[in-house]
Amino acid sequence: MSKYKQDILLFLLEHKNEYLSGQKLADHFNISRTAIWKSIEGLKEQGFQFDSVKNKGYHIISLPNHWDRDLLTYMLKDSIFDRLFVYQQVSSTQTMAHELRLKYEEPLLILSEIQTEGRGRFKRQWLSQPHTGLWMSLVLHPNISFRQIATFNLFISIAIAETIKKVCHINPKIKWPNDIYIDDKKVCGFLTEINGNSDGVDTIICGIGININHEKNDFDSELSKTATSLMLECGSKIDRYIFLKSLIESVELYYRMFLDKPFSDIKDIYKDYSMIWDRTLRYTEGKKQIFGRAVDLKDDGVLVVLDESGQLHQFISADIEV
């Protein structure tokens with residue numbers, strides 16, 4: 001495989017609206033046309049499809065169905081995630097993130113087609129099939145106080161909800177603090193873990209799982225009652241690359257806001273996306289369990305719930321049964 005392959009791919013993507021001849025590519029990279037041909041053949045093996053026209057050249061007409069590191073490097077070149085790790089299969093991206101953060105100090109993005117041991121909050125298993133969803137973990141270094149981390153999930157859940165609304169043209173809802181639902185079925189969940197010291201939080205590891213192109217038969221009969229996918233809800237297949245690019249842009253926007261602004265500045269946006277108001281639901285936090293209605297969300301992210309006897313309860317991170 002040609003060592004120029006990635007550079008040639010990036011050049012073709014930057015000129016995706018035109019045909020580029022083998023000679024033009026050879027002149028640009030100062031290599032032989034044979035080397036160009038070998039690189040194109042290597043890209044075809046990766047899943048890229050080309051239209052090749054005599055006397056005109058090459059033109060990319062289709063991208064791989066799987067996550068391709070070269071393509072992702074191009075699409076996310078302006079993001080804060082300078083280190084990108086793409087795998088075919090891992091136990092979980094969250095586990096990989098914990099290992100990789102010990103080797104690298106910059107922000108990391110870890111993606112995998114398959115997770116054999118994907119997990120969500122409360123150690124629940126997350127079904128992670130290939131070519132259907134987005135299974136990733138982000139490693140960030142905010143250097144903030146432990147008190148400030150309490151609202152991180154609230155900012156990021158808005159970022160995810162707004163990406164779904166923008167790309168899929170449907171209206172998602174947030175189940176406090178961070179699950180994303182559509183019509184009372186879960187489409188996304190994420191797990192946030194932190195590392196720190198006496199000075200505060202040094203590292204945030206945020207694992208995100210989103211059901212994108214699952215079909216009905218991808219869920220068993222029991223799971224289909226509570227889970228859905230973006231494709232099932234919007235009626236058409238979603239380009240995972242476009243979705244990921246939009247999501248990273250949104251996450252970066254709300255991450256900067258999280259670092260610079262109080263949650264009160266965006267609390268109304270969060271409340272508008274929330275699905276828990278005016279509903280009697282079961283709230284579980286540790287051994288504590290009540291039935292009640294959410295009546296307020298405080299500026300520090302704490303949820304206030306009124307139980308059936310009229311008593312108020314405050315929750316930091318409860319499991320809510322819809």
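When I say contact this morning, I mean heavy atoms within 4.5 Å of each other. With that settled, hello everyone, and let me show you around this protein. Please keep in mind that the model is predicted.

Let's use that word straight away. Take the contacts with a separation of 6 or more: residues 24 or more positions apart account for 62% of them.

Now the overall picture. The protein has 322 residues, and 51% of them count as buried. You will find 9 helices and 14 strands as you turn the model around. The C-alpha trace spans about 80 × 45 × 35 Å along its principal axes.

What about the surface? About 16000 Å² is exposed, and carbon and sulfur atoms supply 46% of that area. As for charge, there are 40 positive and 44 negative side chains, and the centres of these two sets lie 2 Å apart.

Next, please look at one sheet with me. It is an open sheet of 5 strands, and reading across, the order is E13-E12-E11-E10-E14, with antiparallel pairing. Which strands stand at the edges? They are E13, residues 312–315, and E14, residues 319–321. Each has a single partner strand, so one side of each is left without a neighbour in the sheet. On average, neighbouring strands here are turned by 45 degrees against each other, if we ignore direction.

We can zoom in on one pair in that sheet. Strand E12 covers residues 303–307, and it pairs with E13 in the antiparallel sense over 4 bridges. If you want a spot to click on, try Val 304, whose bridge partner in E13 is Gln 314.

To finish, I picked two loop residues for you. Let's begin with His 214, in the loop between strand E9 (200–211) and helix H7. Is His 214 buried or exposed? Its relative accessible area is 0%, and because buried means under 20%, His 214 is buried. Leaving aside residues up to four places away in sequence, His 214 touches Gln 129, Thr 132, Gly 133, Trp 135, Phe 219, Ser 229, Met 231 and Leu 232.

The second residue is Gly 235, which sits in the loop that runs between helix H7 (230–234) and helix H8 (240–260). Here the relative accessible area is 65%, so Gly 235 is exposed. How far is Gly 235 from Ile 61? In sequence they are 174 residues apart, and in space the distance is 24 Å, C-alpha to C-alpha.

That's my tour, and thank you for listening!

Terms used. Residues numbered from 1 in each chain as written. Predicted model: local features only at pLDDT ≥ 70, side-chain atom pairs only at ≥ 80, totals over all residues. Heavy atoms only, no water. Buried < 20%, exposed > 50% of the residue type's maximum accessible area, 1.4 Å probe, protein only. Areas by Shrake-Rupley, 256 points an atom, 1.4 Å probe, with all protein chains shown as cover. Lys, Arg positive; Asp, Glu negative; His and termini not counted. Charge placed at Lys NZ, Arg CZ, Asp CG, Glu CD. Pairing = 2+ DSSP bridges. Axes fitted to C-alpha atoms, helices over the stretch in contact; angles between N-to-C directions.
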